[in-house]
Amino acid sequence: NFNPSDILFLQSATSDSADWGITTSAVFRDSAAWYHVVAKIDTTQSTSTDRVKIYVNGNLQTVTGSYPSQNYDMQWSRNGEVQLVGKYPSTGIYFNGVMAHVHFTDGYAYDASTFGETDATTGEWKINTSPTVTYGTNGFFILKDGNSVTDQSGNSNNFTVGAGTLTNTEDCPSNVFATLNPLYYAASQYTL
């Protein structure tokens with residue numbers, strides 16, 4: 001999730017109390033850009049900083065914070081645990097933006113290169129729209145094409161929309177439209 005300071009943070013909590021959490025050093029302020037985010041979590045690693053890695057557009061991010069303990073049992077991988085995408089638990093705080101190609105692999109940790117690659121012609125990071133992965137028991141793949149929360153992984157781990165409206169957009173990571181960038185702004189020249 002992006003916090004109000006435009007940094008990406010990843011956190012796990014039990015009963016609304018944080019067990020661990022990390023934030024990126026980089027800020028992400030281009031609201032017109034697509035960001036390809038991969039969180040690789042493998043709590044079996046002996047070195048704490050190897051347990052959680054965040055990649056943005058294929059680049060490993062520098063992060064700070066507290067890491068999960070070794071062999072930490074992630075709540076998302078527990079049977080019967082409620083899984084939320086785009087909502088902060090026990091609050092009315094929801095994601096306000098566009099998401100596409102949301103994958104969760106239960107019991108498998110993949111590098112960013114599984115889900116995307118650098119385009120040889122443009123040098124831009126492009127998503128892999130059909131990655132070859134094993135999803136595991138509680139894994140899922142939602143928002144594949146448009147606004148469907150029906151699981152495309154083959155597991156039938158379907159979601160329901162808890163609030164708001166999902167809107168289908170033709171602008172997606174594999175079909176990007178030109179947009180104005182509010183970060184490049186000269187007050188005397190433009191009005192956005």
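In this predicted model, strands β3 and β4 run antiparallel and are joined by five bridges. Ala 39 stands opposite Ile 54 of β4. The two strands belong to an open, three-stranded sheet with the order β3-β4-β5. Pairing within this sheet is antiparallel. Its edges are formed by β3 (37-41) and β5 (59-60), each of which pairs on one side only.

Strand β4 also contributes to the nonpolar interior. The largest nonpolar core comprises 11 residues: Leu 8, Trp 20, Ile 22, Phe 28, Val 52, Ile 54, Val 56, Val 63, Tyr 67, Tyr 72 and Met 74. Two elements, β2 (17-27) and β4 (52-56), give two or more residues each to this core. The largest share comes from β4, with three residues. In soluble globular proteins, nonpolar side chains tend to be buried together. Ile 54, the residue opposite Ala 39, is itself a member of the core.

Val 63 is another core member. Apart from neighbours within four places in sequence, Val 63 is in contact with Ile 22, Thr 23, Thr 24 and Ile 54. Among these partners, Ile 22 and Ile 54 are listed in the core as well.

Aromatic contacts were examined next. The structure holds five aromatic pairs. One of them joins Tyr 110 and Phe 115, with ring centres 6.2 Å apart and planes at 85°. An angle over 60 degrees counts as edge-to-face, so the Tyr 110 and Phe 115 pair is edge-to-face. Phe 115 has a relative accessible area of 10% and is therefore buried, the limit being under 20%.

A second pair is formed by Phe 140 and Phe 159. Their ring centres lie 4.7 Å apart. Their planes meet at 65°, so this pair, too, is edge-to-face. Phe 140 lies in strand β10 (residues 140-142), whereas Phe 159 lies in the segment after β10. The pair therefore ties together parts that are 19 residues apart in sequence. Both rings belong to buried residues: Phe 140 has 0% relative accessibility, and Phe 159 has a relative accessible area of 16%. Phe 104 joins Phe 140 and Phe 159 in one aromatic cluster.

Notes
Residues numbered from 1 in each chain as written. Predicted model: local features only at pLDDT ≥ 70, side-chain atom pairs only at ≥ 80, totals over all residues. Heavy atoms only, no water. Core = buried A, V, L, I, M, F, W, Y, C linked by side-chain atoms within 4.5 Å. Buried < 20%, exposed > 50% of the residue type's maximum accessible area, 1.4 Å probe, protein only. Helix = DSSP H or I, 4+ residues; strand = E, 2+ residues; numbered from the N terminus. Contact = heavy atoms within 4.5 Å. Pairing = 2+ DSSP bridges. Phe/Tyr/Trp six-rings, centres within 6.5 Å; stacked < 30°, edge-to-face > 60°.
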